[in-house]
Amino acid sequence: MPRVPLGMSYPDATIDGTQTTVAAIGIYSKRAGIVAKSVFYSFHYERDVKRVQLVRNINALEGQPLLNAQKWEEVRRLGTKAIQDWIHGQMAYKAAVIVLIGQETASRPWVVYEIEKAWYDKKPLLGVWIHGLSSMGSIDRRGANPFDKAEVGTGIPVFDPTARDLRGNTDSQATYKNLVDNLEKWSGQGVIRSR
């Protein structure tokens with residue numbers, strides 16, 4: 001898998017006469033302060049798409065359109081360059097990149113590519129554990145941290161909304177509520193590469 005080329009960047013934007021990088025654009029929310037309202041979600045499609053749909057249904061943030069399995073296959077069949085172009089196009093004007101981390105997310109080469117691209121493009125980057133959300137009635141175990149596999153700096157925040165019941169079992173409904181209550185606030189806490 002090719003690495004993200006260094007030096008790749010996107011145009012700056014002018015907001016109220018102030019030059020601002022696209023990655024720094026956020027929206028002010030009375031509830032959460034500065035938030036990244038438009039985000040790119042990075043995740044393991046086959047295993048976690050139902051969990052990602054739950055995240056998107058919160059409607060706190062605007063993410064890229066999710067491709068259905070057939071559309072993803074069309075892009076994938078066109079090869080590596082087509083996949084990279086799709087990722088670049090979808091990520092280009094997003095204010096932040098949120099990696100939705102499930103049990104097998106860290107093993108996915110395209111997730112690692114998206115993390116590295118966000119890092120080199122100086123987009124705010126953060127992770128959220130989603131293994132505790134229900135997918136077709138089942139929850140997953142916590143997986144490895146994908147930021148440990150990518151060539152990025154340290155200190156990237158990973159938030160965990162996972163809630164447990166009195167017996168210590170994951171409570172999927174309480175986990176979802178924690179996500180609803182915090183996702184918007186967390187979106188504004190991504191880390192940007194300094195140089």
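In which loop does Lys122 lie? Lys122 lies in the loop that runs between helix H4 and strand E7 (125–129). The model is predicted. This briefing covers helix H3 and two loop residues, Lys122 and Met136, whose phi values are positive.

**Helix H3**

- H3 spans residues 80–91 and has 12 residues.
- From its first C-alpha to its last, H3 reaches 16 Å, which is close to the 16 Å expected at 1.5 Å a residue.
- Five names make up the buried set of H3: Ile83, Gln84, Ile87, His88 and Met91.
- Seen down the axis of H3, these buried residues fall within an arc of 135°, so they line one face of the helix.
- An α-helix has 3.6 residues a turn, so residues three or four places apart point the same way.
- The cover over the buried residues of H3 includes two strands, E5 (39–42) and E6 (96–101).
- Helix H2 (69–77) and helix H4 (109–120) are also among the elements that cover them.

**Loop residues with positive phi**

- Most residues other than glycine have a negative phi.
- Lys122 is not a glycine, yet its phi is positive, near 60°.
- Lys122 has 33% relative accessibility; buried means under 20% and exposed over 50%, so Lys122 counts as partly exposed.
- Met136 is found in the loop between E7 and strand E8 (158–159).
- Phi of Met136 is also positive, near 60°, and Met136 is likewise a residue other than glycine.
- Met136 counts as exposed because its relative accessibility is 72%, and the cut-off for exposed is over 50%.

Conventions: Residues numbered from 1 in each chain as written. Predicted model: local features only at pLDDT ≥ 70, side-chain atom pairs only at ≥ 80, totals over all residues. Heavy atoms only, no water. Helix = DSSP H or I, 4+ residues; strand = E, 2+ residues; numbered from the N terminus. Expected span 1.5 Å × (residues − 1). Buried < 20%, exposed > 50% of the residue type's maximum accessible area, 1.4 Å probe, protein only. Arc of directions from axis to C-beta. Contact = heavy atoms within 4.5 Å.
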